[in-house]
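Please look over the sequence and the coordinates shown here before reading on. The paragraphs that follow go from single residues to salt bridges, then to the contact between chains and the enclosed space.

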Amino acid sequence: MKPKTTTKTTYHIPVGPIHPALKEPVFFEFEIDGERIVDVDVKLGHVHRGIEWASRKRNPVQILYLAERVCGICSYCHPAAFALAVEDIADIEIPERAEYLRVIQSELERICSHTLWAGVAAHEIGFDSVLFLTWQIREKALDLTEYLTGNRVTKAITMIGGVRRDITKDMLPTTQKGLQYLKDNFEKLRHVFLDDKTFKMRSQGCGILTKDDALKLCAVGPTTRASGVKKDVRVDISYFAYGDLDVSHITPDVLTGEVNGDVYDRIIVRLLEVKQSIDLIEQCLDKMPSGDIVAEPKIAKLLNQLKKVNGEGVGRHEAPRGEVIHYVKMDGNDAPFTWKIRAPTYNNILPWIPMLKGEQIADIPIVAASTDPCMSCTNRVGIVKDNKRYELAKEELHRLSVEKTRRLMR
Amino acid sequence: MTKKEKLTPEEVVKSFESSFKSKIKSSQIKKRKAGSKKNEAVIIWLKIDKSAFKGAIEHLCKMQFPHLAVVSGNDLGETIELIYHFTLNYGGRMDEISLNISVELPKSKPEIETICDWIPGALVTEREKQEMLGVKIIGIPDDRRLFLPDDIPEGIYPWRRDETGPDKLYKNLHGVKK
């Protein structure tokens, strides 16, 4: 990074990049004045694995499994967006039943991701009992995922032209039971996160992203919706079966009547989206037509068809963290010519800067985590002050955050 | 930063064509049906001459402030193609238009103006294009690398398919004969 001139009043603290709890290592360098953050610099690329390059020797069906490994949490979104792009190029028509099954899978993933995030957020501000409560509920969502796809994490459910597993009639009772459990426990979660006084004190007015900044910096997903920008691929365009379903933008004013763009608003948006997802799955189970689940069940035939197509396409899907967009160009070969992945965190990096400016060191974990950036804990903080170097371990930074919560509770 | 009223895909294409005439090399409106009700999603592909690029972005921002999803790129041999993926009209129910503006740069002089002055959020993706495709973004506010580590030599661009591509570095990969 660029050497910055340090004045007497400010000092720099680096945060990150590696910690086992980080889903995506990120390196921050903060310029601090006392307790206040004056400036932030973000450095990326610690886990750039060249996945797009690895696709150059793979055919589209093999790439589905590669795409699944882009991210452990969004293991449905990436292959889905890739499949949408390829289907767009090859003009493959998807069976109607498959469109509904795809919605069910993506909403189930959203429930898992948002409850995971809520647990991490609770941990960041020092409520570990809430973390366990939330993840206990999440566990049921994972059980349901395993029941429907065969796996808890890498689901391998997407196929170009449809999905690989159906939800048959005899699977419905267990599915409905799982959904009922989530519905019953949603109220408990809502009460803990939205009504608790200390939660409010730590999250309200903290890490604010204005609507103007959200638009200018191209933020996506719950981060931008919490700032009042109505942008949700599921509502904005017709893809999968979302065009048939009753779905609307969730912004914090739905609940509170106002938009502040702070951490609290981001909690509201994510929690309400969990409820929306349960509702969408129920709508799908209700309306799902019968029929095929994949356009072309013979893989060899499908690959042969894809080998002949020429053109470019874009696949867009609303992942739990925001819009994911895949650009694919095919030129009549086995492997696509270009494959460009854009995950939502990519667009939510710049919005961190206005969010973190002016906040306290103890707020770094919760503000950084509030965009759900695959960045939930911080590794080590080395503080260089007056040429004397001392380090804050991740535990120490976490302790500062917990202490602030306790201080507020007193 | 006000959002203007809803635009139809035909209006968008027409407005570009009347402002930039022959500088618009090709335009295509693609519609794709989905679900039981067969509602349509709209994708517009525009190919623009390099000389009109900055003007086109300005024109777009004045028409309606767009959301820039990402910039992707292709090495086409003689030229480098950059594709700017925008979305317009979001906020309504199934009104959104996906607008893809493609511009080709000659390899002898792969330079293009920054759009960060209009859309500050373009910084991350422009930095990525610089290091991955060896494109020079004129006027970029921050020209450091984004994803590439410091030990990748200068002049190697991972997305290139010519002698400046990453082939020289393969020997360092696991399982490759040295």
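In which helix of chain A does Thr224(A) lie? The model at hand is a predicted one, and in it Thr224(A) belongs to helix H9 of chain A, which covers residues 221-225. Thr224(A) has a relative accessibility of 0% and therefore counts as buried, the limit for that class being under 20%. Leaving aside residues up to four places away in sequence, the residues that Thr224(A) touches are Ala214(A), Ala219(A), Val229(A) and Lys231(A).

A second single residue worth a visit is in the other chain. Leu7(B) is found in the segment that precedes helix H1 (9-20) of chain B, and with a relative accessible area of 10% Leu7(B) is buried as well. Its contacts, again without residues up to four places away in sequence, are Val12(B), Met63(B), Gln64(B), Asn89(B) and Ile97(B). Glu126(B), by contrast, is 119 residues from Leu7(B) along the chain, and the C-alpha atoms of these two residues are separated by 27 Å.

From single residues we may turn to charged pairs. Over all chains the structure holds 44 salt bridges, and three pairs may serve as a route through them. Within chain A, Glu282(A) and Lys183(A) form a salt bridge in which the closest N and O atoms are 2.9 Å apart; this pair links distant parts of the chain, since Glu282(A) sits in helix H12 (residues 263-287) and Lys183(A) in helix H6, 99 residues apart. Glu282(A), at 28% relative accessibility, counts as partly exposed, and so does Lys183(A) at 38%.

What sort of surroundings, buried or exposed, do Asp363(A) and Arg202(A) have? Both residues are buried, and their side chains meet in a salt bridge with an N to O distance of 3.1 Å. Because Asp363(A) lies in the loop between helix H15 (352-356) and helix H16 (364-369) of chain A, while Arg202(A) lies in helix H7 (residues 197-203), this pair ties together parts that are 161 residues apart in sequence. Elsewhere, salt bridges that share partners join Glu107(A), Arg110(A), Arg225(A), Asp232(A), Arg234(A), Glu273(A) and Glu318(A) into one network.

The third pair, Glu96(A) with Lys38(B), is a salt bridge whose closest N and O atoms are 4.0 Å apart. This pair crosses between chains, running from Glu96(A) in helix H4 of chain A to Lys38(B) in the loop between strand S1 (24-34) and strand S2 (39-48) of chain B. Glu96(A) is partly exposed, with a relative accessible area of 31%, and for Lys38(B) the value is 31% and the class is partly exposed.

How many salt bridges are there between chain B and chain A? The count is 8, and among the salt bridges that join residues of the two chains is that of Asp88(A) with Lys30(B), where the closest N and O atoms are 3.2 Å apart. As for the interface as a whole, 58 residues of chain B are in contact with 60 residues of chain A, and the two chains bury about 4,900 Å² between them, of which 54% is on carbon and sulfur atoms.

There remains the question of enclosed space. Rolling a probe the size of a water molecule over the atoms shows where empty space is left. With a threshold of 30 Å³ or more, the count comes to 2 cavities, and the largest cavity has a volume of about 60 Å³. Its lining draws on both chains, including Leu217(A), Tyr346(A) and Leu350(A) on one side of the list and Leu68(B), Gly121(B) and Thr125(B) on the other. Helix H14 (344-347) of chain A, together with strand S3 (67-75) and helix H3 (123-133) of chain B, are the elements that give two or more residues to this lining. By class, the lining of the largest cavity has 8 nonpolar and 3 polar residues, with no charged residues.

The second largest cavity holds about 40 Å³ of space, and the residues that line this cavity include Ile111(A), Thr115(A), Asn185(A), Phe186(A) and Val274(A). Helix H4 (96-124) and helix H6 (172-195) of chain A each supply at least two residues of the lining, with the largest share, 4 residues, coming from H6(A). The lining of the second largest cavity divides into 6 nonpolar and 2 polar residues, and no charged residue takes part.

Key: Residues are numbered from 1 along each chain as its sequence is written. Chains are lettered from A and ligands numbered from 1 in the order in which they are written. This is a predicted model: local features need pLDDT of at least 70, side-chain atom pairs count only at pLDDT 80 or more; totals for chains, interfaces and linings use all residues. Side-chain values use heavy atoms; hydrogens and water are left out. On a 1 Å grid over the protein atoms alone, a cavity is a set of points where a 1.4 Å probe fits but cannot get out, and a pocket is an open set with protein on both sides within 12 Å along at least five of seven lines; lining residues have an atom within 4 Å of a point. Grid points are joined across faces, edges and corners, and a volume is the space filled by probe spheres set on the points. Ala, Val, Leu, Ile, Met, Phe, Trp, Tyr, Cys and Pro count as nonpolar, Asp, Glu, Lys and Arg as charged, and the others, Gly among them, as polar. Buried means under 20% relative accessible area, exposed over 50%, partly exposed in between (1.4 Å probe, protein chains only). Contact means heavy atoms within 4.5 Å. Buried area is the accessible area (1.4 Å probe) that two parts lose on being put together, summed over both.
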